[in-house]
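Student: Please take me through the inside of this protein in detail. I want to know what fills it and where space is left.

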Amino acid sequence: MDNDVSAGSTTSIVGRLALGITLLAFGLGTTKVIDGVTTADAVSLAHYVGGVALFLVGLLAFRDRDTATGTAFSALGALWFTWAVTAGGQVSDNAAGLFLLLFALVALSLALGAAGDVLGQGTYGLLCVSLVLLAVARFAGNDALGKAGGWCAVAAGAVAWYAATAVLAKWPTSLPRRAAGRGVTAAG
């Protein structure tokens, strides 16, 4: 792997850490893999770290003229804040599914806009898949799809955490590139 560690402003590092731990907590709660830990246990973390802190990091990125990071973190901060303040409220499964699908579109836009940032694309792409699975689970009342969505959220959180930690620890953040024509042999 290349040791490309230059991709990481302070706001992107803090934002990826906040997003990573929020997704890990939410995903692990959704999968119920830890005895006694549910999605409801992630509400407080999602409210303050995923919502308020991520939104503020997005605003700081805008101040630094980093439109992509500002857009990503302020939009995701709004997602987590909204989810946290409405958690436990009386909302129909269809309304919850629609909310998740709309934010899946935001995650898809972020993944497509993160061209050149493999870890960003991975994080947002996995988040999009997670949100789609969770939405379909709500529409269909299917717990298995909900758990699959939770595992995708865990994977997205792990990628976001790695992306932030890699910059801080100077670990690889990009895949090696092969020269054109190398590694291809002619069959003969």
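Tutor: What follows is a walk from the overall fold to the core, then to the empty spaces, and last to a few single residues.

This is a predicted model. Start with the fold. The protein chain has 6 helices and 0 strands. Along the sequence the pattern reads α-α-α-α-α-α. Of its 188 residues, 38% count as buried. Take the contacts between residues with a separation of 6 or more: 71% of them join residues 24 or more positions apart.

Now the core. In soluble globular proteins, nonpolar side chains tend to be buried together. The largest nonpolar core here has 30 residues, and L76, W80 and Y124 have the most contacts inside it. At least two residues of this core come from each of α1 (10–31), α2 (43–63), α3 (67–86), α4 (93–113), α5 (118–140) and α6 (143–169). The largest share, 7 residues, belongs to α3.

Look closely at Y124. Set aside its neighbours within four places in sequence. Y124 is then in contact with L19, A72, F73, L76, A107, L110, A111 and A114. L76 is thus on two lists: it is a contact of Y124, and it is named with Y124 among the core residues with the most contacts.

Next, V57, in helix α2. V57 counts as buried because its relative accessibility is 8%, under the 20% cut-off. Beyond four places in sequence, V57 touches T11, V14, G15 and F73. F73 is also a contact of Y124. V57 and T69 are 12 residues apart in sequence, and their C-alpha atoms are 8.7 Å apart.

Compare V132, in helix α5. V132 has a relative accessible area of 33%, so it is partly exposed. Leaving out neighbours within four places in sequence, V132 contacts L101 and A104. F103 is 29 residues from V132 along the chain, and 8.9 Å separates their C-alpha atoms.

Now the space that is left. Rolling a probe the size of a water molecule over the atoms shows where empty space is left. The search gives 2 cavities of 30 Å³ or more. The largest cavity holds about 70 Å³. Its lining is L23, F26, L79, W80, W83, F99, L100, L127, S130 and L131. W80 is also one of the core residues with the most contacts. By class, this lining has 9 nonpolar residues, 1 polar and no charged. α1, α3, α4 and α5 each give at least two residues to it.

The second largest cavity has a volume of about 40 Å³. R16, L19, L119, G120, T123, Y124, A160 and A163 line it. So Y124 serves the core and this lining as well, by the rule that lining residues have an atom within 4 Å of a grid point. At least two lining residues come from each of α1, α5 and α6. α5 has the largest share, with 4 residues. The classes are 5 nonpolar, 2 polar and 1 charged.

The pockets are open, unlike the cavities. The largest pocket has about 790 Å³ of space. It is lined by 26 residues, and T39, W83, A96, L100 and R138 lie nearest its centre. W83 and L100 also line the largest cavity. The pocket lining divides into 12 nonpolar, 9 polar and 5 charged residues. α1, α3, α4, α5 and α6 each supply at least two of them. α4 gives the most, 5 residues.

Then the cysteines. A search of the whole structure finds 0 disulfides. C128 counts as buried because its relative accessibility is 13%. C152 is buried too, at 16%.

Last, two backbone oddities. Most residues other than glycine have a negative phi, and most peptide bonds are trans. K32 is not a glycine, yet its phi is positive, about 60°. K32 lies in the loop between α1 and α2. Its relative accessible area is 54%, so K32 is exposed. K170 also has a positive phi of about 60° without being a glycine. K170 sits in the segment after α6. K170 counts as exposed, at 56% relative accessibility.

Technical notes. Residues are numbered from 1 along each chain as its sequence is written. This is a predicted model: local features need pLDDT of at least 70, side-chain atom pairs count only at pLDDT 80 or more; totals for chains, interfaces and linings use all residues. Side-chain values use heavy atoms; hydrogens and water are left out. A disulfide is a pair of cysteine sulfur atoms within 2.5 Å. Buried means under 20% relative accessible area, exposed over 50%, partly exposed in between (1.4 Å probe, protein chains only). A nonpolar core is a set of buried Ala, Val, Leu, Ile, Met, Phe, Trp, Tyr and Cys residues joined through side-chain atoms within 4.5 Å. Contact means heavy atoms within 4.5 Å. On a 1 Å grid over the protein atoms alone, a cavity is a set of points where a 1.4 Å probe fits but cannot get out, and a pocket is an open set with protein on both sides within 12 Å along at least five of seven lines; lining residues have an atom within 4 Å of a point. Grid points are joined across faces, edges and corners, and a volume is the space filled by probe spheres set on the points. Ala, Val, Leu, Ile, Met, Phe, Trp, Tyr, Cys and Pro count as nonpolar, Asp, Glu, Lys and Arg as charged, and the others, Gly among them, as polar.
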